[in-house]
Structure formats: C-alpha cells, structure tokens
Amino acid sequence: MAFDPNNLMQDRITDIGPPKYDRFFPPVIKENFGKWKYHEILEPGVLVHVAESGAEIYSVRIGSARLISVDLIREMCDIADKFCGGFLRWTTRNNVEFLVSDKSKLQPLIDHLRSRGNWFPIGGTGNSVTNIVHTQGWAHCHTPAIDASGVVKAVMDELFEYFGSHKLPAQVRIALACCLNMCGAVHCSDIAILGVHRKPPLIEHDRVQNVCEIPLVIAACPTAAIKPKKVGEMKSVEINQNRCMFCGNCYTMCPALPLADGEGDGIAIWVGGKVSNVKSVPMFSKLAVPYIPNEPPRWPTAVKTVKKIVTEYAAGGRRYERVGEWINRIGWERFFEKTGLEFRHEHIDDYRLAMTTWRTTTQFKF
Amino acid sequence: MALKHATPMLDELEKGPWPSFVTDVKRMAPKNRMCEDWLGIMEMSYRDKEGHWKHGGIVGVLGYGGGVIGRYCDRPDLFPNVAHFHTIRINQPASKYYTTEVLRKLCDLFEPRGSGLTNLHGSTGDIVLLGTTTDQLEPIFYELTHEMEMDLGGSGSNLRTPEGCLGMSRCEWSCINTQDIIYDLTMEYQDALHRPMFPYKFKFKASGCPMDCVAAIARSDCSIIGTWRDKIRIDQDAVKAYAAGELVPHAGAGGREKRAFDITAEVIDLCPTKCMEWDGKALKIWDEDCTRCMHCIRVMPRALRPGVDTGATILVGAKAPILEGAQLSSVVIPFMKMEPPYAEFKEFVEKVWDYWMENGKNRERLGEMIQRVGLREFLKATDLTPDPRMINTPRYNPYIFYDPAEVPGGWEHDGVAFRQRHQA
C-alpha cells in the first residue's frame with residue numbers, strides 16, 4: 001500500500017519501536033556478545049577487543065561534527081562497505097566507529113581515512129579531548145544564548161592536537177549547551193561551555209494574554225520574580241528585575257517574554273564535573289568564568305580560555321586525575337591562580353543551599 | 001556554483017582541522033534549497049548574535065503526541081525555504097550499531113523530503129532528521145514504519161527515548177545486558193513514549209558498569225548502572241606481567257610507550273577504600289571493602305575483571321538545573337538482578353510512575369518531586385526499605401518527622417491529665 005494523504009489512518013503502523021539492537025551487529029559482535037575478555041588501544045583512535053574465543057574486532061574511531069548531511073553519511077557508508085563489511089556505529093559522544101573484522105583491512109582503512117583531508121580525523125580514545133557533546137544553538141533552537149556548532153568547531157580546531165593523542169593525565173570531556181536548560185552533559189563535564197543571558201526578558205504586554213498561560217509563566221521562575229499584572233485591560237505579568245537571573249525559563253513557557261540579546265548574551269565556562277564513579281564520585285561542574293562575550297564566527301576569547309584551562313591541567317594534573325580531581329587536590333584558590341582567571345562575586349553561590357559551598361574551615365592556601 | 005546568500009562569517013568555519021559542518025552543508029546547498037536558506041539564516045544569526053527561530057511550534061503525526069519538534073524561522077520573508085524547519089526524532093537501535101544498508105535507506109528517505117541534514121545523534125539518543133515541512137511529516141512517518149520498520153522517538157511530557165552504553169556487545173566490563181534492557185523497556189512502554197501522559201519528561205539510561213559511558217547518573221530520571229556483589233576476578237600472572245612492565249597499563253589510554261608501571265602508586269594508593277595490597281608477588285583485594293569504582297580494573301584490564309554475580313544499582317532523579325537546581329540520581333535500589341523479562345524492575349518503575357503521575361506537579365521532574373515530598377515518602381510509595389547505601393551521610397539537622405502510629409499513645413493529648421501533673 002502506498003501512502004494516501006486523503007486517508008491518513010488507513011494502514012497506519014504505530015508503536016513498533018526501534019529495530020532490535022542486534023539486527024545490525026557485525027557477525028563477530030553477534031558471536032562474541034557478552035564474551036569479551038579484554039581490550040587494548042593500539043594507537044589513538046584504534047581499539048581492539050579480544051573475546052574469550054580469541055576472536056577480535058577492531059574499531060577505528062573518528063571525530064564528527066554531529067550535524068552532518070546525508071551526503072557525508074553516504075561517504076561514511078562507502079568507507080564502511082569497502083573496509084568493514086558494511087558495519088559502523090556511533091558513540092555516546094557522537095564519534096563514529098568503523099568496525100573491522102578483517103585485520104588485513106585495518107591499516108588500509110586507517111590510511112584511507114588519513115588521506116581524506118579533514119573529514120575523518122582519527123582519535124577520541126584514551127586520555128584525549130574527545131568530541132564535544134553539544135546542542136542545537138542557532139541552527140534550530142528558539143531559546144539559545146549562543147551558537148553550538150560554531151563554538152564547538154572553533155574549540156576543537158584549537159584543541160585538535162589533543163584529539164588524536166594520549167598526552168593528558170586523563171580523558172577530558174568538554175560539553176556545550178546553548179542555554180541553561182543544559183540539554184546534554186554540561187552540568188557534569190570536565191569543561192563545560194554554557195550560553196547565558198544577562199538581561200531580563202522584554203514583556204510584550206499585548207501578546208501575553210493571547211499566547212501564554214500566565215500561571216505557568218509564574219511557576220516557571222526559580223527565583224519567584226514574576227507576578228501577574230494588569231496593564232490597562234490586558235492581563236499580563238510583571239518581572240521584578242532585581243530578582244531575575246536571566247535563566248530564560250519563562251520564555252520557554254511564554255513566547256511573549258523574549259530575552260535574547262546580541263550584546264547581553266554570551267558564554268560561561270564551568271569545570272570539574274564527571275559522571276564516572278572511578279576513584280572519586282560523580283561531580284557537578286562548577287563556575288570558572290561567568291561571562292565571555294559572543295564573538296562569532298570563532299569565539300576567540302572563549303577558545304583561548306578553554307585552551308588555557310586544558311594547558312594548566314595538562315601540566316599540573318597527575319596520572320589518572322580528572323580536571324575536577326586535580327582542582328580538588330590543589331584547591332580552588334590555586335586553580336584561579338594557575339589559570340589566571342579572575343575570581344569575582346558571580347562565583348559565589350547565592351541560591352538556596354549556597355552556604356554549603358562557602359569555606360567553613362581555616363584550611364586554605366595563601 | 002554561487003550560493004544564494006553570502007556567508008563570510010560561516011566561511012571562516014571552513015578553516016581548521018576539525019570536520020566543518022559549514023563545508024558539509026555548503027556541499028549540499030546547490031542541490032537543496034533548504035540548506036541554502038539554512039546557511040543564510042545561520043549567517044544572519046552570526047551577524048546579529050541572536051537566533052532566528054520562532055518560539056515553539058506544535059506539529060506531529062496522527063496517533064502520537066510527540067516525536068516531532070516544530071520550528072519556524074522568524075524571517076520567512078528572507079529565507080522562505082526554512083519557513084518550516086521541523087525536526088523528526090527517530091528511535092535509534094540501542095547503542096547505535098548500523099549497517100550501511102539501513103543508513104543509505106534512511107538518507108534516501110529523508111533527502112527528497114527535507115533538508116538532508118541530520119544530527120547523529122541527539123543527546124538523548126535519537127536519530128535526528130533536521131529540517132522538513134509540515135506536509136512531509138506523515139509521508140516520512142509512513143515510509144519510516146512501512147519501509148524501514150522504524151518508529152519515532154519521544155518528545156514532550158512523556159517517556160523519552162531510552163539509551164544505553166554498548167554493553168556486552170563490545171565491552172568486557174558490562175555487568176548487565178544494557179541493550180536488551182533498553183530495547184525491552186522501549187518496547188514495553190511504547191504507549192508512554194508516544195503519547196505524553198506524565199507530569200513532565202522521564203528518561204531511562206542504562207550503563208553496563210560504574211564507568212557509566214552513557215552518563216546515566218547525570219542524564220536520566222531512572223539510571224540503571226551495572227555492578228557485581230562478589231569478588232573481582234584476579235589473574236595473578238597478568239598482575240605480575242603488568243608489574244613487570246610486560247603489559248601496557250590502562251590498555252594504552254595513557255600512551256603505549258614503554259615506561260615503568262608503579263602498581264603501588266597507580267593502583268594500590270589510588271584505590272578509594274584502600275582495600276588492596278601488593279607484596280611484589282600477589283595482589284590481594286579485600287572485596288568486602290571494595291566500592292566497585294572500576295579504577296583497578298580499568299588500569300589492569302587483562303588482570304582484573306568484575307565479579308560474576310552481576311546485576312544493577314538503580315538510582316533515580318537526575319536532571320538539569322531548571323527549575324530547582326541540577327541533580328544527580330540517588331541510589332534507591334543498591335542491587336537488583338536484571339534478567340529478562342525484568343519483571344521486578346518494571347514493577348518498581350510502575351510504582352514510581354503511579355506515584356509521580358498522581359503527586360507530581362505540572363512540569364515537575366521526578367527528582368524535584370522527591371526533593372519536595374522527601375525520599376522517605378518516595379521509598380514508602382515504592383515499597384522500598386531504608387538502607388544506609390541510599391545516603392552519603394545521615395541527616396545533621398534534628399527536624400525529624402514521625403508517624404503518630406509509631407509513637408506510644410499517638411498524638412491525641414489529654415489536656416486535663418497534663419494539667420493534673422503540671423500547673424499552668
């Protein structure tokens with residue numbers, strides 16, 4: 001049956017879910033599922049997994065922009081057909097892995113990928129800076145304070161030497177979110193780039209009652225800065241500007257409260273988060289730089305700041321020490337000293353459980 | 001061929017070694033008018049330092065309440081080909097293994113019906129088709145279900161698309177079959193995924209071990225993290241080989257150059273519970289003191305392996321900051337066996353949902369509801385018994401609630417009797 005636009009419910013299939021996970025496994029994966037013995041990273045970006053049976057699968061990991069075209073996907077398919085029997089996968093950080101069962105094709109694959117200019121950089125394994133988990137930015141979202149794809153490209157260009165090498169104390173996870181909804185991993189990354197606003201929303205009183213559910217708008221504010229207000233005959237809201245910290249959540253609920261502003265918006269940088277339980281427990285990222293202006297197309301100040309943090313960490317971190325573990329060992333006062341970042345009143349927490357973040361000891365370094 | 005819009009700022013992003021999304025999209029633009037106008041609107045955003053998409057947009061396919069993110073540009077006068085630019089979320093196969101055949105079919109399906117741009121993948125896991133028009137949504141869905149046997153993912157106040165780490169498919173540490181768990185939950189709860197019925201969004205993620213490669217503890221309302229409760233398996237000969245520098249530590253993650261491996265400094269002293277000992281001949285682990293952080297196992301993967309009595313720790317409540325602040329998931333079930341059909345786990349999930357659907361406020365994540373009502377009320381509602389593994393520390397304020405039934409005599413006072421003992 002072909003699609004019939006005049007009879008939409010006819011022949012409709014629903015609730016079938018995704019293809020089963022093993023449908024696209026290479027045979028070696030299928031045969032050795034749950035029977036892997038160990039793995040080795042042969043060189044940056046190249047892994048081998050060895051099964052109890054002695055079977056091996058090689059994975060070659062490449063960076064990807066995440067926002068990719070069907071033509072680029074087809075090119076990846078051509079490569080996978082030529083060297084990998086038609087099998088590939090994506091990682092949880094949006095890198096691509098070419099899966100090689102036939103060892104004789106491993107080196108030709110690597111050589112081929114290297115011959116393709118900038119399209120398929122090999123790396124992202126071990127103690128590297130791997131791909132940046134990021135969001136939609138100006139490409140598709142309505143609430144961003146910054147772009148995502150452009151900032152990521154600018155940062156990865158600058159940190160590229162760390163993608164295809166293993167020279168850091170531990171892996172460094174960088175994430176970006178274009179507003180503080182923090183879609184993705186910004187709140188738990190070694191280094192996080194976050195889009196922030198610095199001006200309260202503008203209120204379009206003539207639109208509020210028509211396009212917004214006012215009680216939802218009021219409930220959307222974490223600092224209770226929003227009250228209902230009548231403006232002439234119109235039901236609207238009032239924002240106590242002194243209580244607004246520009247989170248933008250009221251705009252998420254109400255299209256008549258836009259707050260994007262070319263001059264006010266910019267980037268905050270956070271550090272020291274992690275999700276793994278290895279050695280230390282998972283940690284949130286903490287504020288390192290409250291504000292850096294938006295500087296498209298290459299965001300040089302933000303890029304320089306991230307590079308400085310990575311460089312200081314690379315020099316001072318001990319083996320296996322994540323950024324957050326390094327900072328916890330040396331102390332925040334040393335972190336600010338070493339990175340040369342200015343410590344400002346914005347760094348001091350003032351939200352609800354703020355006092356748990358103040359220093360309640362005489363232990364500190366001069 | 002010259003493109004319709006000049007993009008001097010975006011052109012700067014064609015330079016440098018990292019793959020350029022600009023170059024990629026520009027290659028598409030001569031044959032796709034949506035790509036052409038998308039470049040134009042991005043360039044305008046770069047110039048204005050403000051995005052150019054209108055607020056919201058409610059579109060979808062019949063029978064479902066989610067899966068499509070509607071989007072309209074705010075300058076259709078300048079960029080008519082991205083006047084509609086909706087995103088379709090397609091439920092990915094768990095942990096994202098593909099054949100070139102299925103990917104090519106997907107590309108062929110989407111290209112004539114949209115921008116030909118994708119996100120592989122969305123942060124929650126979905127395949128994201130980036131940019132199509134309202135009239136194409138039903139045809140794409142029809143082809144997707146009929147030709148591809150694929151379905152939409154989730155959006156809105158519902159169960160979002162679950163995802164796991166690659167688990168047993170290619171990792172020696174996975175203590176649970178993350179892919180099967182994710183597939184099973186996705187299929188079991190299709191209705192909750194496609195038709196929003198919750199106070200707010202709800203996410204499942206499953207990681208095979210405490211390394212947590214899918215970030216379940218930070219990015220899912222219900223986090224399933226593999227673990228074990230018996231002993232770490234030790235191959236003493238392999239330990240000796242590491243100590244002697246014959247095997248590369250950390251599987252080469254710190255480089256493969258020959259270096260002396262100091263097992264005491266790099267493993268024994270870094271163990272968070274100091275439950276290991278190395279006397280130069282044999283490695284000893286006091287497993288009863290081990291908290292299964294994975295450090296020793298990841299540094300010596302050929303010598304140490306997780307135990308064989310495996311299952312999962314279940315944690316709940318992770319979320320991003322809005323509204324009440326970011327939360328990581330908290331332990332509520334220290335250990336649960338995870339075997340198909342996962343009946344015990346599903347029973348727990350359904351109790352959670354029943355309670356949250358009844359008590360959660362509008363747009364209140366599970367973690368926020370638990371914060372509001374207290375972990376104690378949540379445990380009662382889900383028939384769980386308090387356990388010291390659920391806390392980092394006991395409370396240090398004395399503001400303790402009691403149930404009158406637990407206090408002899410209850411809360412009814414006899415004022416006259418009190419006054420017979422105590423004059424006012």
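# Burial, salt bridges and charge in a two-chain model

Q: What follows H13(B), and what is the sign of its phi?
A: Gly374(B) follows H13(B). Its phi is positive, near 100 degrees. The model is predicted, and every value here is computed from it.

Q: Which residues of helix H13 of chain B are buried?
A: Helix H13 spans residues 366-373. Leu366(B), Gly367(B), Glu368(B), Met369(B) and Ile370(B) are buried. Being called buried means that each has under 20% relative accessible area.

Q: What do the buried residues of H13(B) pack against?
A: They pack against strand S13 (310-316), helix H12 (343-359) and helix H14 (375-381) of chain B. Packing here rests on contact, that is, heavy atoms within 4.5 Å.

Q: What makes helix H10 of chain A count as largely enclosed?
A: The helix covers residues 323-330, and six of its eight residues are buried. So the rest of the structure largely encloses it. The buried ones are Val323(A), Gly324(A), Glu325(A), Trp326(A), Ile327(A) and Ile330(A). Their cover includes strand S11 (266-271), helix H9 (300-316) and H11 of chain A. Gly331(A), just after H10(A), takes a positive phi of about 95 degrees.

Q: Why is Asp37(B) called buried?
A: Its relative accessible area is 0%. Buried means under 20%, so Asp37(B), at 0%, qualifies. The residue is found in helix H3 (residues 33-48) of chain B. Leaving aside neighbours within four places in sequence, its contacts are Lys4(B), His5(B), Phe79(B), Pro80(B), Asn81(B) and Val82(B).

Q: How do you know that the side chains of Asp15(A) and Arg195(B) meet in a salt bridge?
A: The N to O distance is 2.7 Å. A salt bridge needs the nitrogen within 4 Å of a carboxyl oxygen, and this pair meets that cut-off. Asp15(A) lies in the segment before helix H1 (27-31) of chain A, and Arg195(B) in the loop between helix H7 (190-194) and strand S7 (204-207) of chain B, so the pair joins two chains.

Q: Why does Asp15(A) count as partly exposed?
A: Its relative accessibility is 24%. Partly exposed covers the range between under 20% and over 50%, so 24% puts Asp15(A) in that class. Arg195(B) is also partly exposed, with a relative accessible area of 25%.

Q: What makes the pair Asp108(B) and Arg74(A) a link that joins two chains?
A: The closest N and O atoms of their salt bridge are 2.9 Å apart. Asp108(B) lies in helix H4 (residues 100-110) of chain B and Arg74(A) in helix H2 (residues 70-83) of chain A, so the pair joins two chains.

Q: Arg74(A): buried or exposed, and why?
A: Arg74(A) has a relative accessible area of 17% and is therefore buried, as the limit is under 20%. Its partner Asp108(B) stands at 48%, so Asp108(B) counts as partly exposed. Both belong to a network of salt bridges that also links Asp71(A), Lys31(B) and Glu111(B).

Q: How do you know that Asp184(B) and Lys346(B) tie together separate parts of the sequence?
A: Their side chains meet in a salt bridge at 2.6 Å, N to O. Asp184(B) lies in helix H6 (residues 178-188) and Lys346(B) in helix H12 of chain B, so the pair ties together parts that are 162 residues apart in sequence. Lys346(B), at 8% relative accessibility, counts as buried. Over all chains, a search finds 60 salt bridges.

Q: What makes the nonpolar surface patch of about 540 Å²?
A: Phe343(A), Ile348(A), Leu353(A), Met355(A) and Trp358(A) make it. Patch residues need over 30% relative accessible area. Phe343(A), at 48%, is partly exposed and so clears that limit. Phe343(A) sits in the segment after helix H11 (332-339) of chain A.

Q: How many residues does chain A have, and what share counts as buried?
A: Of its 366 residues, 59% count as buried. Chain A holds 11 helices and 12 strands. Its 44 positive and 39 negative side chains have centres 5 Å apart.

Q: How many residues does chain B have, and what share counts as buried?
A: Chain B has 424 residues, and 58% count as buried. It holds 15 helices and 14 strands. There are 51 positive and 59 negative side chains, with the centres of the two sets 3 Å apart.

Notes: Residues are numbered from 1 along each chain as its sequence is written. Chains are lettered from A and ligands numbered from 1 in the order in which they are written. This is a predicted model: local features need pLDDT of at least 70, side-chain atom pairs count only at pLDDT 80 or more; totals for chains, interfaces and linings use all residues. Side-chain values use heavy atoms; hydrogens and water are left out. Patches are made of residues with over 30% relative accessible area and no salt bridge: like charges are joined within 9 Å, nonpolar side chains (Val, Leu, Ile, Met, Phe, Trp, Tyr) within 5 Å. Accessible areas come from the Shrake-Rupley method with a 1.4 Å probe; for residues, only the protein chains shown count as cover. Helices (H or I, at least four residues) and strands (E, at least two) are DSSP runs, numbered from the N terminus. Buried means under 20% relative accessible area, exposed over 50%, partly exposed in between (1.4 Å probe, protein chains only). Lys and Arg count as positive and Asp and Glu as negative; His and the chain ends are not counted. The place of a charge is taken as NZ of Lys, CZ of Arg, CG of Asp or CD of Glu.
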